Amino acid sequence: MSTGVDMQYAYRGGKPSRGVTLLFVHGSARSSHCWEENWMDYFAANGYECFAPCLRGSSGSPPPSGENENGKIQVGDHIRDLRAFIDEVVVARGRKSNANRRLVLVGHSMGGLVSMKLCETEAQRFSGVALMCSVPPAGNSQMTIRFIFQRGLIVFVNIFRGFILQEVRRNPRLNQILYLPHRTNRPEQDPYLVRFTEQVDRDYRYVLDVSDLNQRCLPIRAVNPKSGQAQWLHPGMSTLVVGAEKDYIVDQTAVEETATFLGTSPVTAPGQTHDLMLRDDWEVGATILLNWLSTI
């Protein structure tokens, strides 16, 4: 692409077409695989064209030579790459097929925060924004403090081990706790958890520059002080905010903060955990999104 990134992406064509394209944005330590496993085929079968790019720094899209050599990716890098991806891949493909589709942004976890940042400059492109288990617009700092005082030290320690010490790259048991607690087998003997951990390792070679994010880039900076909502919301944009009932990483307060920012009421996915698109019952979260899409 014009940003220098050779961006890998997954694609599914929706037939018969509903005239809507979904742009899936994954979170940290993920790539397009988290959408490909279940959701992309499901939504394509329901008539939605689907794109899922691998963000810069994931296994599918290494940074260009000479960039991000400190091992950190800035939010601005993701925004530039996604803007180019929309223009050079999504729009270009629609032009070739003479398709005039509405574009809907679907972000998960840190991909939700990236989606909010993208909307600061690109909101008019989107007919809808759906955020699933998203990092809130004010970032993770306040949520981390809540974990210590409300959920206990063990929860905080597990999150610290997983993301600060990056043990999720090599510890299937920790991945089971944080992401996939519905898998009840011993993690070292669960082939799925072993493969999941290996994929996390491949996708976590670069980390988000949290210092840059907190100092300059938090989406909450674009808030309307009177309404508490994002300044970039427009009348033609539908919004959906989904939280998982049993999310170990994003708490209900964070989900409510995100919903307020997007001018909507939060929806809770019953019985679900953080990676709701990778669960055996992945249809729970997918159905919530599908029902909302039918209203656009």
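**View A. Strand E3, enclosed in the predicted model.** Five of the five residues of strand E3 (residues 49-53) are buried, so E3 is largely enclosed by the rest of the structure. The model shown here and in the other views is predicted. Both faces of E3 are covered. Glu49, Phe51 and Pro53 are buried on one side. Cys50 and Ala52 are buried on the other.

**View B. The partners of strand E3.** Strand E1 (residues 9-12) pairs with E3 in the antiparallel sense. Four bridges join E1 and E3. Look for tyrosine 11, which stands opposite phenylalanine 51 of E3. That phenylalanine belongs to the side of E3 that also holds Glu49 and Pro53. Strand E2 (residues 20-25) runs parallel to E3, and three bridges join the two. Here threonine 21 has glutamate 49 of E3 as its bridge partner.

**View C. Alanine 29, in the loop after E2.** Alanine 29 lies in the loop between E2 and helix H1 (33-36). Its phi is near 60 degrees, a positive value in a residue other than glycine. Is alanine 29 buried or exposed? With a relative accessible area of 6%, alanine 29 is buried, because the cut-off for buried is under 20%.

**View D. Histidine 78 and its contacts.** Histidine 78 is found in helix H3 (residues 75-96). At 7% relative accessibility, histidine 78 counts as buried. Which residues does histidine 78 contact, leaving aside its neighbours within four places in sequence? They are Leu55, Arg56, Ile73, Val114 and Leu208. One of these contacts, Arg56, appears again in the next view, together with histidine 78.

**View E. The largest cavity.** Rolling a probe the size of a water molecule over the atoms shows where empty space is left. The count comes to one cavity of 30 Å³ or more. The largest cavity has a volume of about 190 Å³. It is lined by 19 residues. The closest to its centre are Gly27, Ser28, Ala29, Arg56 and His78. Two elements, H4 and strand E7 (207-208), give two or more residues to the lining. H4 gives the most, with three residues. By class, the lining of the largest cavity divides into nine nonpolar, seven polar and three charged residues.

**View F. The largest pocket.** The largest pocket has a volume of about 850 Å³. Its lining is made up of 32 residues. Which of them are closest to the centre of the largest pocket? They are Met110, Asn140, Phe163, Ile164 and Val210. The elements that give two or more residues to this lining are H4, H5, helix H6 (153-164), E7 and helix H9 (210-217). H6 supplies the largest share of the lining, five residues. The lining of the largest pocket has 18 nonpolar, eleven polar and three charged residues. Compare this list with the previous view: H4 and E7 are also the elements named for the largest cavity.

**View G. Strand E6 and its parallel partner.** Seven of the seven residues of E6 are buried, so E6 is largely enclosed by the rest of the structure. Strand E5 (residues 102-108) pairs with E6 in the parallel sense. Six bridges join E5 and E6. Within this pair, valine 104 has glycine 128 of E6 as its bridge partner.

**View H. Cysteine 133, in the loop after E6.** Cysteine 133 lies in the loop between E6 and H5. It has a positive phi of about 50 degrees although it is not a glycine. Cysteine 133 is buried, with a relative accessible area of 0%.

**View I. Helix H10 and what it packs against.** Helix H10 spans residues 252-261. Its buried residues are Ala254, Val255, Thr258, Ala259 and Phe261. Why do these residues lie on the same side of H10? They cover an arc of only 160 degrees around the axis, which puts them there. The buried residues of H10 pack against four elements: helix H4 (110-122), strand E6 (126-132), helix H5 (141-151) and strand E8 (238-244). E6 is the strand of View G, with seven of its seven residues buried. Just after H10, glycine 263 takes a positive phi of about 70 degrees.

Technical notes:
Residues are numbered from 1 along each chain as its sequence is written. This is a predicted model: local features need pLDDT of at least 70, side-chain atom pairs count only at pLDDT 80 or more; totals for chains, interfaces and linings use all residues. Side-chain values use heavy atoms; hydrogens and water are left out. Buried means under 20% relative accessible area, exposed over 50%, partly exposed in between (1.4 Å probe, protein chains only). The arc is that of the directions from the helix axis to the C-beta atoms. Contact means heavy atoms within 4.5 Å. On a 1 Å grid over the protein atoms alone, a cavity is a set of points where a 1.4 Å probe fits but cannot get out, and a pocket is an open set with protein on both sides within 12 Å along at least five of seven lines; lining residues have an atom within 4 Å of a point. Grid points are joined across faces, edges and corners, and a volume is the space filled by probe spheres set on the points. Ala, Val, Leu, Ile, Met, Phe, Trp, Tyr, Cys and Pro count as nonpolar, Asp, Glu, Lys and Arg as charged, and the others, Gly among them, as polar. Two strands pair if DSSP finds at least two bridges between them.
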